[in-house]
Amino acid sequence: MLKLYGGARSRASIVQWYLEELGVSYEFVMLDMQAGEHKQPEYLKINPMAKVPAIVDGDFHLWESGAILLYLADKYGKTPLSPEARGIFSQWVLFGNSTLATGIFVEANREREMPRLLTPLNEIFERQSFLLGEEFTVADVAVGSILAYIPIMLKLDLSDYPGVLNYIKRMSERPAFQKSIGGQP
């Protein structure tokens, strides 16, 4: 069975959300980060960077939430991906993990980056239900999780972005989201 390693309030919940969406059986291994369980030799064999999340799928180990999302899409997704589709998924997953996350959550970047990032996202969500059209994909997990953390962690005023607000609401109402990110204290 696939094992997902995470800590309280970590990006492991993003991977957990996608596992729930896919209906993949998994065991969640909660590491006590305060006690340093992520720095123990047995975990360092899985992730030498001593970070979470990480997965073990049989003999295969993988860390970095974006890489894990793309791996899960490739292995357990419903549709085989062409190189072009894989490229688009990768683009959005990397955008969510790097550009969007640092643009929103790094306070020094926020004033400049928030309008630059949320304006085009708002336009997309005013035209369609999901990032890539009318079907939920791994791209929505990557970008939707970062956006959903804004009202949870930052309490920023997003009233200038009604499409983004509506998207966040739709993402946070998904049952798999509720079992993962939405269920965090």
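This short talk walks through one helix pair and the nonpolar cores of the structure above.

Please keep in mind that this is a predicted model, in which local features need pLDDT of at least 70 and side-chain atom pairs count only at pLDDT 80 or more, while totals for chains, interfaces and linings use all residues. Residues are numbered from 1 along each chain as its sequence is written, and side-chain values use heavy atoms, with hydrogens and water left out.

Let me start with the helix pair. Helix α4, residues 83-105, packs against helix α5, residues 107-127, at an angle of about 135°, and their axes lie 6 Å apart. That makes α4 oblique to α5, given that angles under 35 degrees count as roughly parallel, over 145 as roughly antiparallel, 65 to 115 as roughly perpendicular and the rest as oblique. Where the two helices meet, α4 brings residues including Trp 92, Phe 95 and Leu 100, and α5 brings residues including Met 114, Leu 117 and Leu 121.

Turning to the interior, the largest nonpolar core has 54 residues, and Leu 72, Leu 100, Leu 118, Leu 121 and Leu 147 are those with the most contacts inside it. Such a core is a set of buried Ala, Val, Leu, Ile, Met, Phe, Trp, Tyr and Cys residues joined through side-chain atoms within 4.5 Å, where buried means under 20% relative accessible area, with a 1.4 Å probe and protein chains only. Helix α6 gives the most to this core, with 10 residues.

As for Leu 118, leaving aside neighbours within four places in sequence, this residue is in contact (heavy atoms within 4.5 Å) with Leu 100, Ile 104, Leu 147, Leu 158, Tyr 161 and Val 164.

Key
Axes are lines fitted to C-alpha atoms, for helices over the stretch in contact, and angles run from 0 to 180 degrees between N-to-C directions. Helices (H or I, at least four residues) and strands (E, at least two) are DSSP runs, numbered from the N terminus. Buried means under 20% relative accessible area, exposed over 50%, partly exposed in between (1.4 Å probe, protein chains only).
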